Amino acid sequence: MDTIKKRYNAIDFLRGFTIINMIIYHGLFDLENFYGFNFDHNFYYYQQYICISFILISGYSTHFSNNFKKKFLILCGLSLLITLGSYVFSKEDAIYFGIIHFFAGATLVHMLIKKYIKKINPKLGLIVNTILFVCLKRIYYGSIFFGKLIPPKALYDLNLFILGLP
């Protein structure tokens with residue numbers, strides 16, 4: 001007899017709402033960047049909201065999943081398709097590390113440290129991860145800890161895009 005997984009309507013709603021916002025954002029992005037429309041608006045915070053929403057919902061939903069190896073392989077396959085497809089479409093705008101790539105990496109890290117994560121107080125984990133996120137948010141642009149530290153320029157030449165470096 002099949003067991004029916006319990007659905008959490010709030011999580012499903014938030015996930016669907018975020019997917020709809022992602023589709024809208026990418027539609028606007030494509031219109032502006034590939035078809036010459038000018039919306040005269042900075043969509044940076046909208047894009048950040050969508051990414052952060054996906055990450056938080058995914059993190060919260062992690063304990064509902066069981067087969068992380070299958071999930072990892074699917075995400076890796078999708079990541080490869082996204083990179084190859086975007087490269088073929090536009091070499092200059094190829095996506096080497098996007099949100100799906102992030103989820104593949106996060107799933108791998110989760111599989112490796114799963115038993116240790118369970119020992120961490122969830123509130124402490126949320127606080128520490130939020131602090132790290134905020135402090136490292138601008139690493140792509142060459143600074144960390146609110147511009148107080150500047151990483152060595154040589155790090156940016158090592159192709160460590162998976163760590164947020166260009």
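Which residues make up the largest nonpolar core? The model in which this core is found is a predicted one, so that local features need pLDDT of at least 70 and side-chain atom pairs count only at pLDDT 80 or more, while totals for chains, interfaces and linings use all residues. Residues are numbered from 1 along each chain as its sequence is written, and side-chain values use heavy atoms, with hydrogens and water left out.

The largest nonpolar core has 7 residues in all, namely Tyr 25, Phe 43, Ile 50, Phe 54, Leu 75, Phe 103 and Ala 104. A nonpolar core is here a set of buried Ala, Val, Leu, Ile, Met, Phe, Trp, Tyr and Cys residues joined through side-chain atoms within 4.5 Å, where buried means under 20% relative accessible area, exposed means over 50%, and partly exposed lies in between (1.4 Å probe, protein chains only). Helices α2 and α4 (99-117) each supply at least two residues of this core; helices are DSSP runs of H or I with at least four residues, numbered from the N terminus. Leu 75, itself one of the core residues, is in contact with Ile 100, Phe 103, Ala 104 and Thr 107 once its neighbours within four places in sequence are left aside, contact being heavy atoms within 4.5 Å.

Tyr 25 leads from the core to the aromatic residues. Its relative accessibility is 14%, and Tyr 25 therefore counts as buried. Rings of Phe, Tyr and Trp (its six-membered ring) pair if their centres lie within 6.5 Å, with planes under 30 degrees apart counted as stacked, over 60 as edge-to-face and the rest as tilted, and by this rule the count comes to 12 aromatic pairs. One of them is the tilted pair of Tyr 25 and Phe 29, at 6.1 Å centre to centre with 35 degrees between the planes. These two residues are separated by about one helical turn, because they lie 4 residues apart in helix α1, and Phe 29 is partly exposed, with a relative accessible area of 34%. Tyr 60 and Phe 64 form an edge-to-face pair, again described by 6.1 Å centre to centre but with 75 degrees between the planes; Tyr 60 is partly exposed at 47% relative accessibility, and Phe 64 is partly exposed at 29%.

Tyr 25 and Phe 29 also belong to one aromatic cluster with Phe 34, Tyr 46 and Phe 89. Within this cluster, Tyr 46 has its place in helix α2 (residues 44-61) and counts as partly exposed at 22% relative accessibility. Apart from neighbours within four places in sequence, Tyr 46 is in contact with Asn 21, Ile 24 and Tyr 25, and its C-alpha lies 9.1 Å from that of Met 22, although the two residues are 24 apart in sequence.

The charged side chains offer another view of the model. Side chains of opposite charge can pair when their charged atoms come close. The structure holds 2 salt bridges, a salt bridge being a side-chain nitrogen of Lys or Arg within 4 Å of a carboxyl oxygen of Asp or Glu. In one, the side chains of Arg 7 and Asp 12 meet at 2.6 Å, N to O; Arg 7 counts as exposed at 54% relative accessibility, whereas Asp 12 is partly exposed at 27%. Arg 15 also forms a salt bridge with Asp 12, the closest N and O atoms being 3.5 Å apart, and these two residues are separated by about one helical turn because they are 3 residues apart in helix α1 (residues 9-34). Through the shared partners of their salt bridges, Arg 7, Asp 12 and Arg 15 are joined into one network.
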